[in-house]
Amino acid sequence: MSEQGVQVPRALASGPSAFIPAKEILKEGPNQDVLIESFLSLGRVDHISMVMAMHPAYLCCFLKTQHALLEMDGPLPRQWRHYIAVMAAARHHCSYLVQQHSAGYLEAGGEESWLSGLEHAPAKLRSLQTLNKLLAHRPWLITQQHIQELVCPGAEPRWSLAELIHAVVLMAHAHSLCSFVWGCGLNPEPDHIGGYSFQPPSLSHSPHSPAHSPAHEDGRHELADGAVEVEVLMKRMVELQQQQEEECTQEEMVTRFERERSESIPTAVVRGAPPDLVLRLVEEPEFRYEDFAPRGEQAPPTMRAQDYSWEDHGFSLLNRLLPDMGQLLDEKFQIVCNLTYHRMAMHEGVDTHTLRKALWNYIHCLYGIRYDDYDYGSVNVLLERSLKVFVKTMACHPEQTTARIYHSFWRHFRHSEKVHANLIVMEARLQAALLYILRAITHYMR
Amino acid sequence: MEKMSRVTTALGSNAISGKTMFCHLDAPANAISVCRDATQVVVAGRNIFKIYALEEEQFVEKLNLRVGRKPSLNFSCADVMWHQMEENLLATAATNGAVVTWNLGKPSRNKQDQLFTEHKRTVNKVCFHPTEVYMLLSGSQDGFMKCFDLRKKESVSTFSGQSESVRDVQFSMKDYFTFAASFENGNVQLWDIRRPDRYERMFTAHTGPVFCCDWHPDDRGWLATGGRDKMVKVWDMTTNRAKEIYCVQTIASVARVKWRPERKFHLATCSMMVDHNIYVWDIRRPFIPFATFEEHKDVTTGIVWRHQHDPHFLLSGSKDSTLYQHMFKDATRPVDKANPEGLCFGLLGDLAFAAKESLITSDANRKPYPGGDRRYPMFFFKKPDPTEQFAHVSSALSVFETDLDSHRMDWFVKTAQLYLLSGKPFAELCDHNAKVAQELKRPQVSTTWTMLRIMFSDPANLATPGPNHNLGKLGTLPLMNSFSLKDLGSGMGAESRLERSKGESRQDNIHLEPGNSYISNNEENEETEGSEGHPEYMFGDAELDDDDLYSMEHDNQTEEQEYTLPQEAFQLRHEIVDNPSAPEHLQQDKADSPHVSGNEAEVTCLTPIESFSLISISQPLFSPHLPASFFCPIVREMLSYYAEQGDVQMAVSVLIVLGDRIRKEIDDLTQEHWYMSYIDLLQRFELWNVSNEVIKLSTCSAITCLNQTSTTLHINCSNCKRPMSNKGWICDRCHQCASVCAVCHHVVKGLFVWCQGCSHGGHLEHMMNWLKSSAHCPAGCGHLCEYT
C-alpha cells in the first residue's frame, strides 16, 4: 500500500494503559474465557477489558452488565443508548469512550450528523442535558422537579419512566467508566484519534512509554521508604479493627464527616483543552464538581445512607422499572465490595476490609452521602494524602488525572491493586449517582 | 406518669374501642410499637421519638423522649420495641449501631437507661423476650446478633451470622429458647439462645434480602418471612427441613410482616418502596389481599396490631409523617372490586373462561350461545371455600376448544387436491374451481373464480361454456346480486365492507362532480360489480330521491328478488353496468343501450338530454371489447388481498390459472414469495403431488428450478472407477467410453437404462426391444433381466 501512496497508520500506544506497563497487564490477562469470549463477539479486546482482566471476577460481571445495558432488550433504541453514552462520556472529556460509543452508535445505524454536535440530535435527547450535567458533577442537586420536567404528562418531549431510568443508568455507567478510563490512563485504541500515527517511529523516545515516566522513576527510588509505609498502614488497620468504639458525640462524628467532605484536596490541574470532537458534544463545559463549602457556610444537605440505601430502596425501584438491570448492578456492587485477594503490597493474608470500606465511604462522602454507623476518623487514618488526591481527582474531576497522581499513591503496591482501587472508586461513584437520581424518581412517584 | 397510669386504668378493664384516625408527626417514622395494654404507642424515627396515647377520638402526645438541644445519634432510631411485660421499658436500635433502653419510670426528663455500643454498624432490629423481663436481642448490619441482660453492662452472648447483615430478629412465641434471624443474603437462621457458637438450622428463604420475619402467635411451627423479592412466605418449622407452606406474591418488596391476632390465616404486610398501602392477606388466598388500608401517602414503615388479642385495630407509621389507627371495618376489600370473570386465549386458540358458578349454570340452562357448536365445556372446577370471611365464592372454569384448526386444514388440503390449475380451457378451470370452493362452503372464493371467468374470458368462447348465462340479463343479475349478498352477509370480513365503503365514497365523488366524472365511473365499474346504480347519478344528480331508491334497492336485493320499485328502471341500469363484464349475449343489447338508458332517463330523470350525451361519451369505455388487461389492477389488488389474508393458496391458484393474463402485473419477487409460501404449506401437508404441479406450472425461474435441485447424478467411470466429470460417456482419465450399449455396442449418449440386478444396460429402445424377445441379459451374463 505504501507504494501506492497510501499512508499506512501505525499504532502508537505500546499497551492498553499509559500508566501500567503492558507486561504487568498481560501477566494475568490472557487465557481468560471472558476475554476470549469478548474477543469472539466483538472482534477485539478493548483496553478497558484488558486492564480489568486483572480482576477476572469483576470483568465478567462488568461485561455482562454493559452488554445488557447497551445491547439487550430495553426501552431505548440501540443507537440512542450509544448516543447517550457519548453524551455522558463527553462531560468528562473522555475521548476514549466518546469514540468507542460513537463507533457503536454508527454501527447501530445512527445518523452521523448527530455526532457533529448536540444540536443535531432530537429534542428528546437534548432534554437529558441538564440531568447529564448534574449526574456527572453534582448529583446531589437532582430533585424530583428534574424528573417531573421530563416525565410528567405535559412534558414535551416526554420520557417514559422506563426510558428515563434506562438513560439514567446509561449515563451514570458512562460517567463512572470515565473515571476508570482516566484513572488507569487508558491509551486510545489503535483506531482512535491519537491512537495511531502516520509518522514513522522515532527511535529517540516514545512519549507514552510508562517505564520512562519520571514519576515512576521516583517511585523506584523510594521503594525502601515505601515498605515502611505499608507496615504503618497495616498496623493502623489492625488497630482500627481491634479498637473499642470510644464514645464520641454526634457532634464529633458530624465534624469528622464534614472534615473529610470539605477537606481541600488540590485537584485543579488544568489540562489542555479537550479535543474538538468531545467539546462539541458538551453543553456548559464549565459546570464541574464543586468542593463543598467549609462547614458553617451553606453546605448542601447530606444524604443519610440509612434513609435511602441501594440494598433496600435503590434496588427495588430499579428492578421494578428496568427488570434485570437491578439484579446485574446489585451483583456488580457485591462483587466489587467483596473483592479481595487477602494481600497488600508484599504482604499476604491481610484482611483489607477496613481499607476498602474506608475508600468506598470516602467516595460517598465526597458525594455527600453519610453513614451514621461509620466513623469518618478512620478515613483520615487509613487514606494517605496522595491516595486521597488520586481518589478525589478520579471521582470528581477524572479528566484531570495525570500519571504523577497515579504513581504517587501506594507506590509499593502492585498495579493490580491500584486497578482494584480504581474499580472501587468507579463503582462507589456509580452507586452514589444512582442513589441520588433514584431517590429523586422515588419522590416523583410518591 | 400519673396521668398515664390513669389512662391505663380507664381503658384497661373494658374492651378497646376507637375509630380510624391519624395524627401528624413532626418527622417520618421508622418504626412503631405498642404497649401491652394497647393504650399507648411509641413512634421512632431519625428525628422523632415520641409516645402517643390512644384515646377514643384522637392521638394525644404523651411524651417526647428526644431531649437535649442537639440530640445524639443514639436518638436516631431504626427500630423500637415496647416491652410486653414491663410497661415502663422500651428499647431502640440506633442507626449508629447503639442499642438503647429507656425507662419511662425515671423521674428525669431524659429517660435513657442503658446504652450498648457493641455493634459496629447500624442496628436493624431489637426484640425483647416475650416472657423474660431482662432479655433483649439485637440484630445489626455488621452481621452479629447480641443478647443483652439488662441487669448487666454488656452483652451476654454474641451470635455470628457469618458477616451477613442481619435484618430482623424475632423470639419465638412458644419456644422459650429459640429465635429466628433473617439476613441480607436471603437466609433465615434459627438459633438457640443458649448456644451462641452455631445456629440450629439455616435455610434460604428468599432471593435477595429477607427484610422481616414473624412467628405465628398461636401456632408454634409457623414463621412468616418477607423479602425484597416481593414475596411473603410461611414456613412450617416443625419438620426437619423448613417447609414452605404458603406463599403470597405482593407487588413490591416486603418491609414488615405481622400476623393478625385471633385469625389463624391472616397477616399484614407493608412495603418498603413504591407501594404505600398496607395489605392484610389470607394466606390461603394469595392472589388478592383480604383487606387494604390506603391512607398513607408515602411508604409505610411500621405496622403493629394494637392489641395482641384484638384483630380489629391496626396501627401504622409512615414516612409521610403520620401515625394512623386503622379500623378493620373501614378497610377496603379488593375482593369486592375484583372482576370475577376471567378470560384467556390459549396458545392454540383455546379459550378459557372462568366465572362465578351461578352465572355459568344459569347460562347453561338458558343456552346462551345458540350457535355454539364449537363450544365444549371441558370441566367444571369447584373451589372449596377457604375462609369464613371471604364471601362464598366458587368459580367455574370452562375451556372452549377451537375446532377451527382442523377445519381449516381440511379445506386447505381438499382445495389443493381438487383445484384444477391447467389442462382445460380457462373458463372451465374457473368454473371447476368455483364449484370446488362452493362445495367447501367458501362462497367468496367461489364467486371470485366466477368473476375471474367473466372478466377474462374471451367473449367468443363464452357462449358455449356458460349455459347459465343464457338466461339473459335477468340471469346475470342474480349472479351479481349473490355476490354482493354473500359478501355482505357472510361476514367474510373487511374486504366487502371496505369495498362497500369505497363505493359509497365514490358516490360522493360523483355527487361532487357529476359532469365530468365518467372516468371515476369506470373505475367504479371495474372494481365492484355491485355498484350498479352509479351511472344513474350522472343522469339524475339533481334528484335526491334517487339516492334513496338506490340504497333501498340494495337492501331489498339482499332479501328477495322481487323489487317493489319500478322494475324496468333497475333492470336497465343493470344492463348498463353489466356491459363491461361482457358476456356475449349482452353485446346485442349494447347497440340498444343508448336508447335504453335514454328511456330510463326519461322515466327517472328530468334532464334526459344531458344524460343521453353523457352516456354516449362513456359508451366506448363500456364496450364489449374491453381488453382483459382492463381488469388487471383490480385482480392484482384482489390477489394481494388474499395473500395478505393468509390465503396464499388462492393467490397462487389464480396466478397459475390466469397465467400470462396477469403475470406481468405482479412483480416477480411477490410472485416468487407467494409460490414459496404455498409450496411450503403444501409440503407441510405432504401434498407432494400438488406441490410438484405448482412448481411445474409456475413461471418464476426461481420456483421451477426447485425441481432441479438434487437431481444431479454423479457417475464413476466403469473402467478406472474415477468420477466422470466432463461428459457422461467418456472418461477424461482413461479415455475410454464408459457407457456402452450392451446391444449395439455403441456409446450411449442419451438415456441409459440398466438392469439393477446385473448392471448391464444400454440404449433405452434397444433394451426395450431386446427384452421383448429375450429374457436374458443382452450382455450374456446369464442374468434374467426384467423390463417393466
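Phe19(A), Phe390(A), Tyr406(A), Phe409(A), Trp410(A) and Phe413(A) form one aromatic cluster. The model is predicted. Over all chains it holds 40 aromatic pairs and 28 salt bridges. The points below cover the aromatic pairs, chain A and its helix α15, a sheet in chain B, and selected salt bridges.

**Aromatic pairs**

- Two members of the cluster, Tyr406(A) and Phe409(A), make an edge-to-face pair, with 6.2 Å from centre to centre and 90° between the planes.
- Tyr406(A) is buried at 0% relative accessibility, and Phe409(A) is likewise buried, with a relative accessible area of 0%.
- In chain B, the ring centres of Phe203(B) and Trp235(B) lie 4.7 Å apart with the planes at 55°, so this pair counts as tilted.
- Phe203(B) belongs to strand β17 (residues 201–204) of chain B and Trp235(B) to strand β20 (residues 231–236) of chain B, so the pair ties together parts 32 residues apart in sequence.
- Phe203(B) is buried at 12% relative accessibility, and Trp235(B) is buried at 5%.

**Chain A overall**

- Chain A contains 21 helices and 6 strands.
- Of its 446 residues, 56% are buried.
- Among the contacts in chain A with a separation of 6 or more, 79% are between residues 24 or more positions apart.
- The exposed area of chain A is about 19,000 Å², and carbon and sulfur atoms supply 53% of it.

**Helix α15 of chain A**

- Helix α15 (residues 310–321) of chain A has 9 of its 12 residues buried, so the rest of the structure largely encloses it.
- The buried residues of α15(A) are Trp310(A), Asp312(A), His313(A), Gly314(A), Phe315(A), Ser316(A), Leu317(A), Leu318(A) and Leu321(A).
- Within chain A, the cover over these buried residues includes α10 (161–183), α16 (325–338) and α21 (415–445).
- Chain B also takes part in covering α15(A), through elements including β14 (166–171) and β18.

**A sheet in chain B**

- Strand β18 of chain B, one of the elements covering α15(A), is also part of an open sheet of 4 strands in the order β18-β19-β20-β21 (chain B), with antiparallel pairing.
- β18 (210–215) and β21 (243–249) of chain B are the edge strands; each has a single partner strand, so one side of each has no neighbour in the sheet.
- Neighbouring strands of this sheet are turned against each other by 20° on average, direction ignored.
- β18(B) is joined by 5 bridges to strand β19 (residues 222–227) of chain B, and the two run antiparallel.
- Cys212(B) has Gly226(B) in β19(B) as its bridge partner.
- The sheet includes β20 of chain B, the strand that holds Trp235(B) of the tilted aromatic pair.

**Salt bridges**

- Glu118(B) and Lys146(B) form a salt bridge, with 3.5 Å between the closest N and O atoms.
- This pair links distant parts of the chain: Glu118(B) sits in the loop between β9 (112–116) and β10 (123–128) of chain B, and Lys146(B) in strand β12 (residues 144–149) of chain B, 28 residues apart.
- Glu118(B) is partly exposed, with a relative accessible area of 27%, whereas Lys146(B) is buried at 9%.
- Asp330(B) forms a salt bridge with Lys329(B), and their closest N and O atoms are 3.9 Å apart.
- Asp330(B) is partly exposed at 40% relative accessibility, whereas Lys329(B) is exposed, with a relative accessible area of 66%.
- Asp680(B) forms a salt bridge with Arg684(B), with the closest N and O atoms 3.3 Å apart.
- Asp680(B) and Arg684(B) are 4 residues apart in helix α19 (residues 668–684) of chain B, so about one helical turn separates them.
- An α-helix has 3.6 residues a turn, so residues three or four places apart point the same way.
- Asp680(B) is partly exposed, with a relative accessible area of 36%, and Arg684(B) is exposed at 62%.
- Another group, made up of Arg304(A), Asp307(A), Asp372(A) and Arg46(B), is joined into one network by salt bridges that share partners.

Terms used
Residues are numbered from 1 along each chain as its sequence is written. Chains are lettered from A and ligands numbered from 1 in the order in which they are written. This is a predicted model: local features need pLDDT of at least 70, side-chain atom pairs count only at pLDDT 80 or more; totals for chains, interfaces and linings use all residues. Side-chain values use heavy atoms; hydrogens and water are left out. Two strands pair if DSSP finds at least two bridges between them. Axes are lines fitted to C-alpha atoms, for helices over the stretch in contact, and angles run from 0 to 180 degrees between N-to-C directions. A salt bridge is a side-chain nitrogen of Lys or Arg within 4 Å of a carboxyl oxygen of Asp or Glu. Buried means under 20% relative accessible area, exposed over 50%, partly exposed in between (1.4 Å probe, protein chains only). Contact means heavy atoms within 4.5 Å. Accessible areas come from the Shrake-Rupley method with a 1.4 Å probe; for residues, only the protein chains shown count as cover. Rings of Phe, Tyr and Trp (its six-membered ring) pair if their centres lie within 6.5 Å; planes under 30 degrees apart count as stacked, over 60 as edge-to-face and the rest as tilted.
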